[in-house]
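Good morning, and thank you for the opportunity to present. I would ask everyone to turn to the sequence and the structure, and I shall then go through a few selected places.

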Amino acid sequence: MNELTWGQRFVWDILQSLAPANHYISLRFRVHVPTGATLDGVRDALHTLVRRHESLRTRFTVGADGEPRQRADPADAVPMEVHETEPGGVRRLAEQEEERLWREPFRHDTEWPLRVSVVVAGGRPRQVVFVFSHLAVDAWGCVVLRKEFLDLLRDGDAGHTQVGWQEQAGWQPRDRAAFEASVEGRNASDLSLAHWRRVLETAPQTAFPALPEAGETPLFPGVGVHSVALAAAAQALATRHRVGPAAVLLAALSTVVGIRTGTEAVPVLLATGNRFTPVDAASVGTFYQAAPALIRLDAGSLAGTIRNAHKASTVAYLRGQSDPRDVARLLASVKHRRGVDFELQTTVNVVPEPGSVRMPPAVHDVAALREMTASTLVSDLEGRDNERLKLYVHVKALRSRAVIELFCDSRYLTASGARKVLAGLELVLIEMLDSGDLTLERVADLVGIAPLGRSPGWAHVDNCWVDVEAVRALVAGLPDVVASGVFVEAPAQLVAYVVAAGPSTPEGLHTAVTGRLDGHLSMAPHRYVVCGAAPARPELHDEWLRQPVLAQGSGRAGEGG
């Protein structure tokens, strides 16, 4: 049994949080079999893939210590189903097989993370359906596997030595785990953790600091867009501003989120592919993780926001590989120091598109782009009732056309609002290309969404919007607290005044408060004042200032009062 890689552990945690309905993150694709290929040839090609890539024949179990581990099985018989149909029914049957195999969650302890169904018609294989657990393969790996499979069908496995297989396979999971435990691997993790720390020191606790509205059914609707015009506009603006198209799209998305929530900086998690070397690029296993980015909005210039998004995302994409357990420990440390429980529920996943880095020629003719919008398709996707994110944007393609899926918590963005967002991105980028730049106000007009509400009792403290009444209730509900008050004092700090039934210290109070933070609109006070008596009117700040002080301080180790 072997340790999981960082990417596998990252996905393992997601699967556990979504169980039992965690099939949504399984990956799938279909391959049209070249004319002349036989069923035996398909079986041989699959066997070669499974032999070459250990991740496709790995099972996962949980030890007595509660830790997940992996074991690669021998490359025996491939789990391949064969289904026959008439030549006119190939596509329909392949779609049905893909849906059937995808909807069943993987049983990682008893089955391989690979399912294959071959559709046969007229005596020969026509399509092959692949479904993978995300523990075994990521989006990049799917592209690698598709190419290898087609190459094997055309050319067979002749000429490949065992050394050739190893070189072509890239990292095997157990070798990757060993690298991550090495000095070089730990150095990469340390750089990632330093990036996490820098972002968390100033980031808001949530991208949606606003009052939720009534939700819909399903609670997490999904909307998709297919747009040639959106991809072309993003590429043209990327050329103009010397950034990547993904940065342009990220800036526009962040601006829309900021409009919806009334914030000037939007914290997001960016999915990171972590393919940096030729060996990484040849690997099919899961390298997928995430890194935080804080996108600062320029209210007067979307071009300024694009530059900010480019800088923030470039660093994040380079700092996305680390042990998720170390990230969890860092989050706990920063939570204690800042008194903030980070929500981390807004994710943007721009799938890397392997192959030539040359983009199609950028279209700068605005009239032509507007004509292209006639073919844009915005459609509803199957929603979800179980999701751990408030907003998930999946950019599947951004080269010849934009293929984007958006899933959102309908209490913060309804299905109708999501459709406006995806359709509005196209309008925003085309108008920016036409006018040169856009203000935040103009973006709001084009997209047509309104800000969420915010209570007048909230305060902006340490870059976070905080419901002060929620903090008061949190402190008042602590064991042994008989009277308390929480107030915003200069310079924009929360101060808690407490009278306890027994001995009490700022350190004990802070530990108790941080253990009860809900990750949304509350925050631990920056200073605690333990008083000997409570005022007659505890809701008045001035009354607390007259009480005898027994102890005071931040409650953070190493910090003074």
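Let us begin with P20, which sits in the loop that runs between helix 1 (6–18) and strand 1 (27–32). Please bear in mind that what we are viewing is a predicted model. The peptide bond that joins A19 to P20 is cis, with an omega of about 5°. A second cis peptide bond links A490 and P491, and here omega is about -5°. P491 also belongs to a loop, the one between strand 16 (481–489) and strand 17 (493–500). As background, most peptide bonds are trans, and most residues other than glycine have a negative phi.

That brings me to the backbone angle phi. Which sign does phi have at D462? The value is positive, about 50°, although D462 is not a glycine. This residue is located in the loop between strand 14 (458–461) and strand 15 (464–467). D462 is classed as partly exposed because its relative accessibility is 27%, and that class lies between the limits of 20% and 50%.

D480 also has a positive phi, near 75°, and is likewise a residue other than glycine. Its position is in the loop between helix 16 (468–476) and strand 16. Is D480 buried or exposed? With a relative accessible area of 54%, D480 is exposed, since the class begins over 50%.

I turn now from loops to strands. T347 is part of strand 10, which covers residues 346–350. The relative accessible area of T347 is 8%, and therefore the residue counts as buried, the limit being under 20%. Which residues does T347 contact, once neighbours within four places in sequence are set aside? They are L269, L389, L391, Y392 and V393.

My last residue is A551, in strand 19, residues 549–553. A551 has a relative accessibility of 24%, so it is partly exposed. Apart from neighbours within four places in sequence, A551 makes contact with P506, Y528, V529 and V530. How far apart are the C-alpha atoms of A551 and V530? The separation is 5.1 Å, while the two residues are 21 residues apart along the chain.

To close, I would recall two pairs. The cis bonds join A19 to P20 and A490 to P491. The positive phi values that I described belong to D462 and D480. Thank you for your attention.

Notes:
Residues numbered from 1 in each chain as written. Predicted model: local features only at pLDDT ≥ 70, side-chain atom pairs only at ≥ 80, totals over all residues. Heavy atoms only, no water. Helix = DSSP H or I, 4+ residues; strand = E, 2+ residues; numbered from the N terminus. Buried < 20%, exposed > 50% of the residue type's maximum accessible area, 1.4 Å probe, protein only. Contact = heavy atoms within 4.5 Å.
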